[in-house]
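This report walks through one protein chain, from overall build to single residues. Please keep the sequence and the model side by side while reading.

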Amino acid sequence: QVQLVESGGGLVQAGGSLRLSCSASGSTFSITARGWYRQTSENQRELVAVIYNTGRTTYADSVRGRFTISRDNAKNTIYLQMNSLKPEDTAVYYCYAKSNVNYWGQGTQVTVSS
C-alpha cells in the first residue's frame with residue numbers, strides 16, 4: 001500500500017505561480033512512476049505530468065514550458081511547479097503513483113482567476 005498526501009493548491013491570479021507537493025509513504029519501493037492528473041468542473045480529466053524512476057519526464061501539450069515536475073527522493077516527494085497560470089488551468093489536481101496498482105492522492109483545488 002502507498003499513501004499519498006498533497007498540498008499547495010489555492011487561488012492565484014492569471015500569470016501567477018503555485019507549487020504542488022505530493023508526499024508518499026508506505027510501500028514506495030514498488031512505485032515505477034509518479035505524476036499529476038487534473039479534473040475540471042466539467043469532469044474533463046487530463047494527465048498533466050509524469051516523472052519516471054529513470055528521471056524521464058513527460059508533459060501534456062497544454063502545460064509544456066509552463067509546468068515542471070520534479071522529485072526529492074530523500075523525502076519521497078514530488079512537486080509540480082506551475083508558472084504562467086491561466087484560467088483554464090483551474091481544476092482539482094490529483095497526484096498518483098504507479099505500482100502494480102495506481103494510488104491516488106485526495107486532490108487539491110487550483111483556481112486561477114482572470
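Buried means under 20% relative accessible area, exposed means over 50%, and partly exposed lies in between (1.4 Å probe, protein chains only). At 23% relative accessibility, Tyr 94 therefore counts as partly exposed.

The model is predicted: local features need pLDDT of at least 70, side-chain atom pairs count only at pLDDT 80 or more, and totals for chains, interfaces and linings use all residues. Residues are numbered from 1 along each chain as its sequence is written, and side-chain values use heavy atoms, with hydrogens and water left out.

**Overall build**

The chain has 11 strands and 0 helices. Both kinds of element are DSSP runs, numbered from the N terminus: helices (H or I) need at least four residues, strands (E) at least two. In sequence order the pattern reads β-β-β-β-β-β-β-β-β-β-β. The radius of gyration is 13 Å, close to the 13 Å that the globule rule gives for 114 residues, so the chain is as compact as a globular protein of that length. That radius is taken over C-alpha atoms, and the rule is 2.2 Å times the number of residues to the power 0.38. The C-alpha trace spans about 40 × 25 × 20 Å along its principal axes.

Of the 114 residues, 40% count as buried. The accessible surface is about 6000 Å², and carbon and sulfur atoms hold 46% of it. Such areas come from the Shrake-Rupley method with a 1.4 Å probe; for residues, only the protein chains shown count as cover.

Contact means heavy atoms within 4.5 Å. Among contacts between residues at least 6 apart in sequence, 51% join residues at least 24 apart.

**The core**

In soluble globular proteins, nonpolar side chains tend to be buried together. A nonpolar core is a set of buried Ala, Val, Leu, Ile, Met, Phe, Trp, Tyr and Cys residues joined through side-chain atoms within 4.5 Å. The largest one here has 28 residues, and Trp 36, Leu 80, Met 82 and Tyr 93 have the most contacts inside it. Elements giving two or more residues to this core include strand E1 (2-7), strand E3 (18-26), strand E8 (77-82) and strand E9 (91-98).

Take Met 82. Leaving aside neighbours within four places in sequence, Met 82 touches Leu 18, Leu 20, Phe 67, Tyr 93 and Val 110, among others.

**Residues in strands E9 and E11**

Tyr 94 lies in strand E9. Which residue, 58 places away along the chain, has its C-alpha atom 5.5 Å from that of Tyr 94? The partner is Trp 36. Beyond four places in sequence, the contacts of Tyr 94 include Glu 6, Trp 36, Tyr 37 and Trp 104.

Thr 108 sits in strand E11 (residues 108-113). Is Thr 108 buried or exposed? Thr 108 is buried, because its relative accessible area is 12%. With the same four-place limit, Thr 108 is in contact with Glu 6, Gly 8, Gly 9, Leu 20, Ala 91, Val 92 and Tyr 93.

**Two loop residues with positive phi**

Neither residue in this table is a glycine.

| Residue | Phi | Place | Relative accessible area |
|---|---|---|---|
| Asn 76 | near 55° | loop between E7 and E8 | 30%, partly exposed |
| Ser 84 | about 50° | loop between E8 and E9 | 41%, partly exposed |
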